[in-house]
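User: I am new to reading protein models. Please go through this one with me, one question at a time.

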Amino acid sequence: MTHFSPLTRRRLLMSIPLIGAMGIGFSFWKMLTDMSAGTFNSHDINTPILNRPVPYFTLPGVIPQQGFSSTELKHLNTPVLVIFFASWCIPCLEEMPILLSLKNFLPLWGIAYKDSPYNVKEFLHNSGNPFTRLAEDRHGLVGIDWGISGVPESFLIGAGGIIRWHNPNPLTEETMTHILLPLVKKISS
Amino acid sequence: MKFSTLFKTIFVVLCILFPFSLLAVDDPEEMLPNPKAEARAEAIGEQLRCLVCQNESIEDSSSALARDLRKIVREHVAQGESNQHIINWMVQRYGAFIRLRPAFSSSTLLLWSVPFLAPFIGCFIAYFFYYRHKKTLPPHAPLTQEEKKRLNILIKDTHS
């Protein structure tokens, strides 16, 4: 071991807690800035479903729109965004303008989670309907197979029904332009 | 009058001695008719994290998702599936995060071993600092003539 004078040694030892506190402070600062930028959410659950085929399900449509099943998703050749939403959920309402602009880039298939067809239709009538297909998961059991813990949550389905991306939060302008659309472009090419 | 106070006292003492676990089963209809199966379902549910209120188990939480998951656990228990099978079913959908008690695996090895390692590490550090410090301290140099004189003066000062 190298020999420091007692005073230097003491100073070095004293700097350990200081460096530790600085490290912790930096981590907190990073967490908080990422949280406000929307790139980090401490409540996110990393779903194990990522990069796996969609779980088996068949759901009825919200008339007049057609429902869909896992088989249909598995036969797709182009990406589709599946969105779990509900008329009783305020973040879902806030997400609607983004979905309405997003529908120009890729098809959006909605699943109304624990909702009544009447309320869903009313909700989409007021906010505008971005969905090409619209299914209902009345009891929320299909949602559990997908590992959702709330609404809205969205899943990007690639060719062969493989889940390529999962977003457990409302879609924002930022996630759409910086994450989702580049990814869609990447997996379509 | 006195009788009712006695009853109340006994009740309070009993409550303290045998605390009922306050679970969030909102509706007695949720419970399985077979008490043994119900107890097993509760034991499983207590190991599963509610994904809405993340530090509560699904048995403690009254969120809608927790209620759905409780129902699923009970359905699987009624079908006679093993505890491990039911927990795996949940992990498949929600990941290892759903387990309030993390499984022992290569990624949780450090987590599980720290409580056993910590005392050893602490003893090692204490030993290292204490003995090494003792050894490196140089013996005190004897006092010089001048210091001795000064010491004598100081001692005299206090005595007079």
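User: Leaving aside neighbours within four places in sequence, which residues is Val82(A) in contact with?
Analyst: This is a predicted model, in which local features need pLDDT of at least 70 and side-chain atom pairs count only at pLDDT 80 or more, while totals for chains, interfaces and linings use all residues. Residues are numbered from 1 along each chain as its sequence is written, with chains lettered from A and ligands numbered from 1 in the order in which they are written. Two residues are in contact if their C-beta atoms, placed from the backbone, lie within 7 Å. By that rule, and without the sequence neighbours, the partners of Val82(A) are Trp109(A), Ile111(A), Ser154(A), Phe155(A) and Ile157(A).

User: Which element gives the most to the largest nonpolar core?
Analyst: A nonpolar core is a set of buried Ala, Val, Leu, Ile, Met, Phe, Trp, Tyr and Cys residues joined through C-beta atoms within 7 Å. The largest has 37 residues, and Val82(A) is one of those with the most contacts inside it. Helices (H or I, at least four residues) and strands (E, at least two) are DSSP runs, numbered from the N terminus. With 6 residues, the top contributor to this core is β3(A).

User: Is Tyr113(A) buried or exposed?
Analyst: A residue is buried if 20 or more other C-beta atoms lie within 10 Å of its own, exposed if 12 or fewer, and partly exposed in between, with C-beta atoms placed from the backbone. Tyr113(A) is found in strand β4 of chain A. Because 27 other C-beta atoms lie within 10 Å, Tyr113(A) is buried.

User: What is the bridge partner of Tyr113(A) in β5(A)?
Analyst: Two strands pair if DSSP finds at least two bridges between them. Here β4(A) and β5(A) run parallel and are joined by 5 bridges. Within β5(A), Tyr113(A) is bridged to Asp137(A).

User: Which strands stand at the edges of the sheet?
Analyst: The open sheet of chain A has 5 strands in the order β5-β4-β3-β6-β7, with mixed pairing. An edge strand here has a single partner, so one side of it is left without a neighbour in the sheet. In chain A these are β5 and β7.

User: How many residues of chain A are in contact with chain B?
Analyst: On the side of chain B that touches chain A, α3 (64–78) and α4 (83–94) of chain B each supply at least two residues. Chain B brings 11 residues to these contacts, and the number from chain A is 11.
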